[in-house]
Amino acid sequence: QVQLVESGGGLVQAGGSLRLSCAASGSIFSRNTMGWYRQVPEKQRELVASITSDGMTNYPDYSDSVKGRFTISKEYGKNMVYLQMNSLKPEDTAVYYCFQRIPGPSTFWGQGTQVTVSS
């Protein structure tokens, strides 16, 4: 089992920045995909960014809506994943969920953190 805990959400003005953190504990797998989805009411959950590890190399990926503004990174020693969000827009407002997908496959989710961007 994997437990994921997010932090770092909040309220920010348009053009500002936030950094989300996701701490993973429990079973740790060197080969996995971690990242962030976001969801607004009455819409499907949207994949924002992910980072796939093969045990040696990380492969980041981004949705077109955040490419160039968001950066995902991983810190192995602390089993942490970060999402640096710059140039935030009101349309980035959502609940952001950290996830980890491991071979099997199985997917684990964090509890979510609210990001609100005011215009």
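In this predicted model, the link between cysteine 22 and cysteine 98 is left-handed, with -80° about the S-S bond. Cysteine 22 lies in strand S3 and cysteine 98 in strand S9, so the disulfide ties together parts of the chain that are 76 residues apart in sequence. The chain around this link is built from eleven strands and zero helices, and four of the strands form an open sheet in the order S1-S3-S8-S7.

**The disulfide**

- The sulfur atoms of cysteine 22 and cysteine 98 are 2.0 Å apart, and the two residues form a disulfide, the count for the structure coming to one.
- A disulfide is a covalent bond between the sulfur atoms of two cysteines.
- Cysteine 22 has a relative accessible area of 0% and is buried, and cysteine 98, at 0% relative accessibility, counts as buried as well.

**The chain as a whole**

- Read from the N terminus on, the elements run β-β-β-β-β-β-β-β-β-β-β, and the radius of gyration of the chain is 14 Å, close to the 14 Å that the globule rule gives for 119 residues, so the chain is as compact as a globular protein of that length.
- The C-alpha trace spans about 40 × 25 × 25 Å along its principal axes.
- Of the 119 residues in the chain, 40% are buried, while the area that the chain exposes comes to about 6400 Å², with carbon and sulfur atoms supplying 50% of it.
- When contacts between residues at least 6 apart in sequence are considered, 52% of them join residues that are at least 24 apart.

**The four-stranded sheet**

- The pairing in the sheet of S1, S3, S8 and S7 is antiparallel, and strand S1 (2-7) and strand S7 (70-75) stand at its edges, each with a single partner strand, so one side of each is left without a neighbour in the sheet.
- From one strand to the next, the twist of this sheet averages 15°.
- Strand S3, which covers residues 18-26, is joined by six bridges to strand S8, which covers residues 80-85, and the two run antiparallel; within this pairing, serine 21 stands opposite tyrosine 82 in S8.
- S7 and S8 are likewise joined by six bridges and run antiparallel, with phenylalanine 70 standing opposite methionine 85 in S8.
- In a regular strand the side chains alternate between the two faces of the sheet.
- In S7, one face, made up of Phe70, Ile72 and Lys74, is covered, whereas the face with Thr71, Ser73 and Glu75 is uncovered.

**Backbone features in the loops**

- Most residues other than glycine have a negative phi, and most peptide bonds are trans.
- The hairpin of S7 and S8 has four residues between its strands, and in this hairpin asparagine 79 takes a positive phi near 50°.
- Glutamate 42, in the loop between strand S4 (31-39) and strand S5 (46-54), has a positive phi of about 70° although it is not a glycine, and with a relative accessible area of 86% glutamate 42 is exposed.
- Serine 87, in the loop between S8 and S9, has a positive phi of about 50° although it is not a glycine, and its relative accessible area of 41% makes serine 87 partly exposed.
- The peptide bond from glycine 104 to proline 105 is cis, with omega near -10°, and proline 105 lies in the loop between strand S9 (94-102) and strand S10 (106-109).

**Threonine 57**

- Threonine 57 is found in the loop between S5 and strand S6 (58-62), where, at 34% relative accessibility, threonine 57 counts as partly exposed.
- Although threonine 57 and arginine 31 are 26 residues apart in sequence, their C-alpha atoms are 9.7 Å apart in space.

Conventions. Residues are numbered from 1 along each chain as its sequence is written. This is a predicted model: local features need pLDDT of at least 70, side-chain atom pairs count only at pLDDT 80 or more; totals for chains, interfaces and linings use all residues. Side-chain values use heavy atoms; hydrogens and water are left out. Two strands pair if DSSP finds at least two bridges between them. Axes are lines fitted to C-alpha atoms, for helices over the stretch in contact, and angles run from 0 to 180 degrees between N-to-C directions. Buried means under 20% relative accessible area, exposed over 50%, partly exposed in between (1.4 Å probe, protein chains only). A disulfide is a pair of cysteine sulfur atoms within 2.5 Å. The radius of gyration is taken over C-alpha atoms; the globule rule is 2.2 Å times the number of residues to the power 0.38. Contact means heavy atoms within 4.5 Å. Accessible areas come from the Shrake-Rupley method with a 1.4 Å probe; for residues, only the protein chains shown count as cover.
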